[in-house]
Amino acid sequence: MTGDAIHPAWLPDEAWQAVGSRRVLVRADGPLARTVMQEATRATDHHGGSVGDDGRFDLVLALTDTVGLPDTAASVLAELDYRSGRGTLGTEGFALARRGGVTVVLADGTAGLLYGLFHVVRLGEAAFGAALPLDVHHPVTARRMLNHWDNIDTHPVMGQVERGYSGGSIFWRDGGLTPDLDRIRAYARLLASVGVNAITVNNVNVHATEAHLLTDRLGDVAALADVLRPYHVRVHLSVGFNSPTALGGLPTADPLDPDVRAWWAETTRQVYAAIPDFGGYVVKADSEGQPGPFGYGRTHAEGANTLAAALEPFGGVVHWRAFVYDHRQDWRDRSTDRARAAHDHFAALDGHFAGNVILQVKHGPIDFQTREPVSPVIAAMPSTHLAVELQVTQEYTGQQRHVCYLGPMWSEVLAFTPWGATRPTVAEVASGVAHGDERAAPGRRPSGQGGLVAVSNVGDDPFWTGHPLAQANLYAFGRLAWNPLLDPATLLDEWIDLTFTPAATADPGLLRRTLHEVMDGSWQVYESYTAPLGVGFMVRPGSHYGPDVDGYEYTPWGTYHFADRDGIGVDRTRATGTGYTGQYPKPWSDVYESLASCPDELLLFFHHVPYTHVLHSGKTVVQHIYDTHFAGAERVALMRSNWARLGDAGLVAPDVDARVRERLDEQMRCAQEWRDQINTYFYRKSGILDAHGRRIH
Ligand code: BDP
């Protein structure tokens, strides 16, 4: 992909117009303050403003311990002192106010100033208009992390980026570190602008070459850390549990073996010698062929704690993934249920993990399907730090060929209340403030570990994310990790305003309106033409793209729909099924157990029902399948014609327009393929005709 012009994503110079045309004063020192200064200078150089201290300012960015602030900033600081006291903003928070024609951003630390500057960019002219009352901003979650499933080498089956749909890796090229560090710097800037502060640079499936990043290739990781640091992004590494044997030449990786513990301690010491602000390790163990503590008769707590002990002296953390299941199940054995696996493995270990272990839990119990219930593990580990893992890369949601704006899905997950009462929410559990803390609330500074993690969708593609509109997912993830209460539609507006600069037109609202039409409900549209009612999978084995209803049905992976001539769905009830519903606390265990209360969209995830079962919507299951599949494909046709209006009006850059059109053509083709295969399959299984007489066979 090199040689193509890199699209600026949501921070083109035009997005800096409001800041760049102003007089900016920065009062802070240190590396991050230098970044703030550079950003302000770049913007003002471009738009004709100025950065400096000539006594006249429109925008002041200052640390709260600055002596001799200009009058307006001093009055804002006085109000902040009165309200909460300086020192309460934390390392990343900031306060913003506008009075007397001056916009003031105050922070206790330079990271807060950086985030404050990006906030002003987001506000645009609104930051320089009418007075704004003092407003304090904190991230709700302390760790806002992206995992890159990138390999240095190109894997024969998975390619260079596992489940990557945006070209090759932006970190690794030709068997080593990319020479294009400017691209990494631009990426760090995008991440900082949405508040992401941590990243892993290699795949959770740690192959032989990538394993060496921990030891003899550490210099490459240090080089990446140097590029990311000016934007307050810390580097973490995915490491193999068998590193002591694979890299250290030890006879065992048993986590309780003293030599193994010493190896981790010494290796980690060397990591910190090279990268003093290294974040920690991410571990996928005993899962899909990765080695783990089970191989040594140890628990996952024993495994995680050994790595945690090595990191602890340096303030590092272990993100230990709860994605542990047996991918060699017997499909005839209904007592096994992949959905149960994480809870079965981890719930009993609550309270056994070291303080710097963060259990990283996929948001659903299976694997990033279009629709899953929230994982019961999130409610089962009150004495464990948890991070919730989302998938920005669209493995099961159209692989960046289909438009699928995931903000609404994540927002639903984050707002879910695992105990039924109005709080705490999943977001509050992930922020580490939920348990036993009545005062837990978004906006409060997190008191503990934990966080939000997502699998990145970025590669070396000129549009960063393959589908240009998939940038919005990266944007929304960062913003929701900062504040899970943000409205996904509003986030889309933010992204639109920062990304597109519409040419003057008779209809200035057209761009925004069209993008909303195309993107707002695109997750539900995708859901409507793919696997129905929460049943999941039905995708082509291996690639996970396109329909294959029975592709996984008789395989050991444990992802079944159990469709036969009479009905469909997985019975996960306590009464007659796998007992999975019992992993939830009340009220959800009862809500999901009962056919009467189980939400329609999750019906087939929890129950096996006849095709004639009547949903809450009043339709039968099979008629719902037909209707949603016809409607879904029609919606895609509409999305395509709506987009064409934009392109025809010249409102988006020609290269973006061309890429989006090409993807929408493929989405149309694929949606029709899904519609036809699913409808025909269920017609043939059930023998029930479509009530509206449409062609289904
Ligand atoms: C699945 C992917 C697989 C990943 C795995 C994981 O298909 O490539 O390795 O998740 O999260 O969704 O470890």
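The shell around the ligand divides into 4 nonpolar, 2 polar and 8 charged residues. Keep in mind that this is a predicted model. In total, 14 residues surround the ligand. The closest are Glu162, Lys284, Arg321, Lys362 and Glu395.

Let me go through some contacts. In Glu162, a polar side-chain atom lies 2.5 Å from an oxygen atom of the ligand. For Lys284, an N or O atom in the side chain is 2.7 Å from an oxygen atom of the ligand. And for Arg163, an N or O atom in the side chain is 3.0 Å from a ligand oxygen atom. How much of the ligand does the protein bury? Taken alone, the ligand exposes 320 Å², and the protein buries 97% of that.

Next, the barrel. How many strands close into it, and is their pairing parallel or antiparallel? There are 8 strands, and the pairing is parallel. If you want to trace them on the screen, the order is β7-β12-β13-β14-β15-β16-β17-β18. From one strand to the next, the twist averages 25°.

Take one pair from the barrel as an example. Strand β12, residues 198-200, runs parallel to strand β13, residues 234-238, and 3 bridges join the two. Within this pair, Thr200 stands opposite His236 in β13.

Now the other sheet. This one is open, and has 6 strands in the order β2-β1-β3-β5-β4-β6. Its pairing is mixed. Which strands are at the edges? They are β2, residues 50-51, and β6, residues 132-137, and each of these pairs on one side only.

Again, one pair from this sheet. Strand β3 covers residues 59-63 and strand β5 covers residues 102-107; they run parallel, with 5 bridges joining them. Val60 has Val104 in β5 as its bridge partner.

Still in the open sheet, find strand β1, residues 23-27, where Val24 has its place. Is Val24 buried or exposed? The relative accessible area of Val24 is 1%, and the cut-off for buried is under 20%, so Val24 counts as buried.

One last distance, again starting from Val24. Along the sequence, Val24 and Leu359 are 335 residues apart. In space, they are 43 Å apart, C-alpha to C-alpha.

To go back over the main parts: a parallel barrel of 8 strands, an open sheet of 6 strands with mixed pairing, and a ligand with 14 residues around it. That is what I have for today.

Definitions and conventions
Residues numbered from 1 in each chain as written. Predicted model: local features only at pLDDT ≥ 70, side-chain atom pairs only at ≥ 80, totals over all residues. Heavy atoms only, no water. Pairing = 2+ DSSP bridges. Helix = DSSP H or I, 4+ residues; strand = E, 2+ residues; numbered from the N terminus. Axes fitted to C-alpha atoms, helices over the stretch in contact; angles between N-to-C directions. Near = heavy atom within 4 Å. Polar contact = N/O pair within 3.5 Å; in protein donor to acceptor, adjacent residues only side chain to side chain. Areas by Shrake-Rupley, 256 points an atom, 1.4 Å probe, with all protein chains shown as cover. Nonpolar A, V, L, I, M, F, W, Y, C, P; charged D, E, K, R; others polar. Buried < 20%, exposed > 50% of the residue type's maximum accessible area, 1.4 Å probe, protein only.
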